[in-house]
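Biologist: Thanks for sitting down with me over this one. Could you walk me through it, one question at a time?

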Amino acid sequence: MAEFTFFFNPMSRAQIARWALHEVSADYEPVLVPYGEDKPAEFLAANAMAKIPTIIHHAQGGDKVVTECAAICHYLAEATGSSLLPRPDEVADYFRWLLFGAGPLEQAIISHAMGWEAKDAQQEMMLGFGSYERTMDALDSWLQGRDFICGTRFTMVDVYVGSQVDWGLAFGTMPDRPAFQAYAGRLRARAAYAEAKAIDNALIAQMKQAAN
Ligand SMILES: N[C@@H](CCC(=O)N[C@@H](CS)C(=O)NCC(=O)O)C(=O)O
């Protein structure tokens, strides 16, 4: 049995988890979860939200289920003792932006794409991301003069935050700014990014062909 079971669909956020799996050279068994009714029972038992990605780590002490892309990325680095874990001087930036990515950034991007925004200053104050513009400006200014979230070194937080930027630029849900483009360019040069993308893109092509 592989060390990790990976429930995924190539047309989903599971691409983030696959990139993380490849960054840590994980031994994993992919299990395709179709959209619609026919979801594997093992998947539904593992994740009551029925959301992908979901992983099961067949660890020595027993199976561990991990959901949420940000948690999966960090967990994989921890479980494999990866060099992509933050060093002591990177911990603050690493967790600050990992949680920023899973909270304000994701919510700002999705809300903006759905056409939802705060109606007034009172609502903006209550929204964790404030506004789309504030969120974009905060990330943009952080990336000025930095190669990666923690500075010069690529760490696992870049898989998560970087995926949001990569997807945001690809789908036009994030503004096309020089700091975002430069960051995405550095991420796309990673061997593990290319490996994971090639697998998902091939599967997407197969699925499209089968649907025609
Ligand atoms: N907060 C979750 C979101 C996962 C999510 O929404 N996945 C979508 C695909 S991108 C999904 O499983 N949709 C199927 C459904 O909701 O039934 C994460 O970060 O992993």
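Modeller: Happy to, and let me begin with a salt bridge: in this predicted model, arginine 177 pairs with aspartate 140, the closest N and O atoms being 3.0 Å apart. The two come from distant parts of the chain, arginine 177 from the loop between helix 7 and helix 8 (178-188) and aspartate 140 from helix 6 (residues 132-143), 37 residues apart.

Biologist: Is aspartate 140 buried or exposed?

Modeller: The cut-off for buried is under 20% relative accessible area. Aspartate 140 comes out at 11%, so it counts as buried.

Biologist: Which residues are linked with Asp140 in a network of salt bridges?

Modeller: We have already met one partner, since arginine 177 forms a salt bridge with aspartate 140. The network also takes in another aspartate, and the residues linked with Asp140 are Arg177 and Asp137.

Biologist: How many salt bridges does the rule count, and how many of them lie between domain 1 and domain 2?

Modeller: By this rule the count comes to 8 salt bridges. The chain is divided into domain 1 (4-83) and domain 2 (88-192). Between domain 1 and domain 2, the count is 2.

Biologist: Which residue forms a salt bridge with glutamate 106, and how far apart are the closest N and O atoms?

Modeller: Glutamate 106 lies in helix 4 and its partner in the loop between strand 1 and helix 1, so the pair ties together parts that are 93 residues apart in sequence. The partner is partly exposed, with a relative accessible area of 37%. It is arginine 13, and the closest N and O atoms are 2.6 Å apart.

Biologist: What about aspartate 200: which residue does it form a salt bridge with?

Modeller: Aspartate 200 sits in helix 9 (residues 191-211) and its partner in helix 1, 182 residues apart. Both residues of the pair are buried. With the closest N and O atoms 3.1 Å apart, the partner is arginine 18.

Biologist: Back to the two domains: how much area do domain 1 and domain 2 bury between them?

Modeller: Their C-alpha centres lie 23 Å apart. The contact takes 15 residues from domain 1 and 17 residues from domain 2. Carbon and sulfur atoms carry 71% of the buried area, which is about 1,400 Å².

Biologist: Which helix gives the most to the side of domain 1 that touches domain 2?

Modeller: Across this interface the rule finds 4 residue pairs in polar contact. Helix 1 (14-23) and helix 3 (69-79) each supply at least two residues of the domain 1 side. The residues of that side divide into 8 nonpolar, 5 polar and 2 charged. The one that gives the most, with 6 residues, is helix 1.

Biologist: Why does histidine 74 count as buried?

Modeller: Histidine 74 lies in helix 3. Leaving aside its neighbours within four places in sequence, histidine 74 is in contact with Leu85, Pro86, Tyr94, Phe95, Leu98 and Met156. The limit for buried is under 20%, so histidine 74 qualifies with a relative accessible area of 13%.

Biologist: And alanine 71, how far is its C-alpha atom from that of leucine 98?

Modeller: Alanine 71 also lies in helix 3, but it is partly exposed, with a relative accessible area of 34%. Alanine 71 and leucine 98 are 27 residues apart along the chain, and their C-alpha atoms are separated by 9.0 Å.

Biologist: Which peptide bond is cis?

Modeller: Most peptide bonds are trans. Here we should look at the loop between helix 2 (41-46) and strand 3, where proline 53 lies. With omega near 5 degrees, the cis bond is the one from isoleucine 52 to proline 53.

Biologist: What is the phi of serine 25, and is the residue buried or exposed?

Modeller: Most residues other than glycine have a negative phi. Serine 25, in the loop between helix 1 and strand 2 (28-32), has a positive phi, near 50 degrees. Its relative accessible area is 64%, so serine 25 is exposed.

Biologist: One last item: which residues does valine 65 touch?

Modeller: Valine 65 has its place in strand 4 and is partly exposed, with a relative accessible area of 41%. Not counting residues up to four places away in sequence, valine 65 touches Ala46, Thr54, Ile55 and Ile56.

Technical notes:
Residues numbered from 1 in each chain as written. Predicted model: local features only at pLDDT ≥ 70, side-chain atom pairs only at ≥ 80, totals over all residues. Heavy atoms only, no water. Domains from an automatic or database assignment. Contact = heavy atoms within 4.5 Å. Buried area = accessible area lost by both parts, 1.4 Å probe. Salt bridge = Lys/Arg side-chain N within 4 Å of Asp/Glu carboxyl O. Polar contact = N/O pair within 3.5 Å; in protein donor to acceptor, adjacent residues only side chain to side chain. Helix = DSSP H or I, 4+ residues; strand = E, 2+ residues; numbered from the N terminus. Nonpolar A, V, L, I, M, F, W, Y, C, P; charged D, E, K, R; others polar. Buried < 20%, exposed > 50% of the residue type's maximum accessible area, 1.4 Å probe, protein only.
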